[in-house]
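Colleague: I'm new to reading structures, so please take me slowly through one part of this one. Could we have a close look at the metal site?

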Amino acid sequence: MSVSKDQIIDFIYEEARMLDEGRHDEWLALWLTDGHYWMPLDYKQSDPINETSLLYEDMFMLKLRVERLNGARTFSQKPKSRCHHVIQRPFIDEMNGDTFVTNTSMHYVETRLDEQQLLALTARHDLTLVDGQLRIANKRIDILNCDAAFRNIQLLP
Amino acid sequence: MGFHVGNPKSAADLVQAHQVHRDVYISPDVYALEMKHVFANAWVFVGHESQTPKKGDYFATQIGNQPVIQVRHKPDDIHVLLNRCPHKGTKIVIDRQGNTGKFFRCPYHAWSFKTDGCLLAIPLKKGYEGTGLEKTQNGKGMKAVGAVKNYRGFIFARLADEGISFEEFFGDSLSSLDNMVDRSPEGRLEVVGPPLRYMHYCNWKMLVENQTDTCHPMVAHESSAGIAVKLYEELNLPKGAPKPAAMQIIAPFMSPYEFFEGMGIRTWPNGHGHTGVHHSIHSDYSAIPGYFEAMVETYGEEKAKTILDENRHNTVYFPNIMIKGPIQQLRTFIPLAADKTIVESYIYRLVGAPDELTARTAMYNRMINAPTSIVGHDDLEMYERAQEGLHVNGLEWVNISRLLEDDENHEGEAVLNGTTERQMRNQFDAWRKFMTYDQDQQEAAK
Ligand code: FES
Ligand SMILES: [Fe+2]
């Protein structure tokens, strides 16, 4: 079973659409169970463990994050935030058997009440083909202005 | 509005024993007064010495609304200078940190200054002959703060030339900083990476008060801590299986009121105080192999135990920082306007201790203090709702009377039930004191 470049690129687009449409359970199902979602704090940071990051979340944390969005007492999500990705065609940087690395530039917009913020991002996806399905092994989001002071970022780029 | 302009005494009257007037949070005039008086008369945190390890290294930050530079002038000598060219005001450094070499050079007209601020050279200096420039502050060089103290690696400064001494200002509250540093087997901390920077549209004091607000976690953070506990139970892990990291860090916020009552609050004079006298949410962190042994090596078993048995949760140092000794964290609440505050959250490495400790500290920082934190989101929501709600007219006082005692005073140390709002009252007592400190001194001298 092999996968074409187009299928990999479609996967990245589809993931962004799931996030924008709030289909979080489907999105969680894309992940391998030992995956991590990493959003570094420092420009070109190389260590997610021994330095502060904005996010370095395992599946337990990601589930918690997603479930919290719909909680009865999730005050910061009353009203809810919405998000919007505009992505550039992903580069496929590596194709090694069943594993793939992509690099995608995007503009991410998150909004709630009267506030809207725009973040310029680069996403790196480590993908693995499992039983004919592409899955997210790891995802890294670098924010262009990672050293700026941010307001709440409540949803996931 | 307008009423308090240039009148610190009238601002001080906004504070009563059991309540404070909303103007302390929303009035730009009161904000201007606290920048001019409270932040000038108090000792304010600047940075850590490890942020400027080598000669010429500098770090730019603010004391209240005053831009300052922490700079290493000599191997053992750190100075704090106002970040303003004495010529026409240009900020001397604009990046957050760097190395300036042997001197600062203003990029506008090339006036240069030694790293202790003294004027080094002015191009075409002849042009100032006979103008009297050398007699003015402008002709002397960059202005320095009134006083600087390096306490075990932490740099504090007082803007005012005259005023309370470092030792008197902090007194016994330094035991929290001591404990944080003593946790290094070498008695030394090092900053790790840049701080998280989180922008809040609320008054800086709301954030400081929240550090000892033990009645909010189980309410405001139910959505994160409560759901963490629920998801953990659903996992149905076998007994003794390692808990997910989030359970150690986030779940304790769901602890019942009795837990927070029992943990205790201690207050010290001049607005300092801490939660977690008897135990805290940091008490049950798992032991990290090799660490206790390294501590025993340095301190002997008894002292090592005493250091590590201390579980102080949040220690507030008036006016605007909080440290967490057991996990080597410092948060500084930098005021930008009456309704705008930036929070910077630093972590430090215990020199000589296993890396796993730094990893836990970094994890806590991102899980709790980041702009992406599901805990932080609900805190910010509460502060900003309060900042807006306080504009309601006809209900203009904020109540801070929980467990207020008759004849409460803040001259001495006190240990109380962990759900008291005494530390908030203590902060306002200090706020009032340092708001009028310079005036009071002048009047006493008359
Ligand atoms: S403003 Fe700095 S040298 Fe002129
Ligand atoms: Fe909180």
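Modeller: Happy to! Let's begin with the rule for naming a site: four donors count as tetrahedral if all angles lie between 85 and 135 degrees, and as square planar if opposite donors are over 155 degrees apart and all others between 65 and 115; anything else is irregular. Keep in mind that this is a predicted model. Now find the iron ion (ligand 2) in chain B: its protein donors are the NE2 atoms of B:H216 and B:H221, together with two OD atoms of B:D379. These donors lie 2.1 to 2.5 Å from the iron ion. The angles that the four donor atoms subtend run from 56 to 151°, so the arrangement is irregular. Along the sequence, the donor residues follow the spacing H-x4-H-x157-D.

How buried are the two histidines? B:H216 has a relative accessible area of 15% and B:H221 one of 1%. Buried means under 20%, so B:H216 is buried, and B:H221 is buried as well.

From here, let your eye move along chain B to B:E222. Its side chain meets that of A:R73 in a salt bridge, with 2.9 Å from N to O. Five salt bridges are found across the interface of chain A and chain B. On the side of chain A that touches chain B, α3(A) gives the most, with seven residues. In total, 35 residues of chain A are in contact with 46 residues of chain B, and the two chains bury about 3,400 Å² between them.

Note on methods
Residues are numbered from 1 along each chain as its sequence is written. Chains are lettered from A and ligands numbered from 1 in the order in which they are written. This is a predicted model: local features need pLDDT of at least 70, side-chain atom pairs count only at pLDDT 80 or more; totals for chains, interfaces and linings use all residues. Side-chain values use heavy atoms; hydrogens and water are left out. Donors are N, O and S atoms within 2.8 Å of the metal (3.2 Å for Na, K and Ca); water is not among the atoms, so sites may look incomplete. Four donors count as tetrahedral if all angles lie between 85 and 135 degrees; four count as square planar and six as octahedral if opposite donors are over 155 degrees apart and all others between 65 and 115; anything else is irregular. Buried means under 20% relative accessible area, exposed over 50%, partly exposed in between (1.4 Å probe, protein chains only). Contact means heavy atoms within 4.5 Å. Buried area is the accessible area (1.4 Å probe) that two parts lose on being put together, summed over both. A salt bridge is a side-chain nitrogen of Lys or Arg within 4 Å of a carboxyl oxygen of Asp or Glu. Helices (H or I, at least four residues) and strands (E, at least two) are DSSP runs, numbered from the N terminus.
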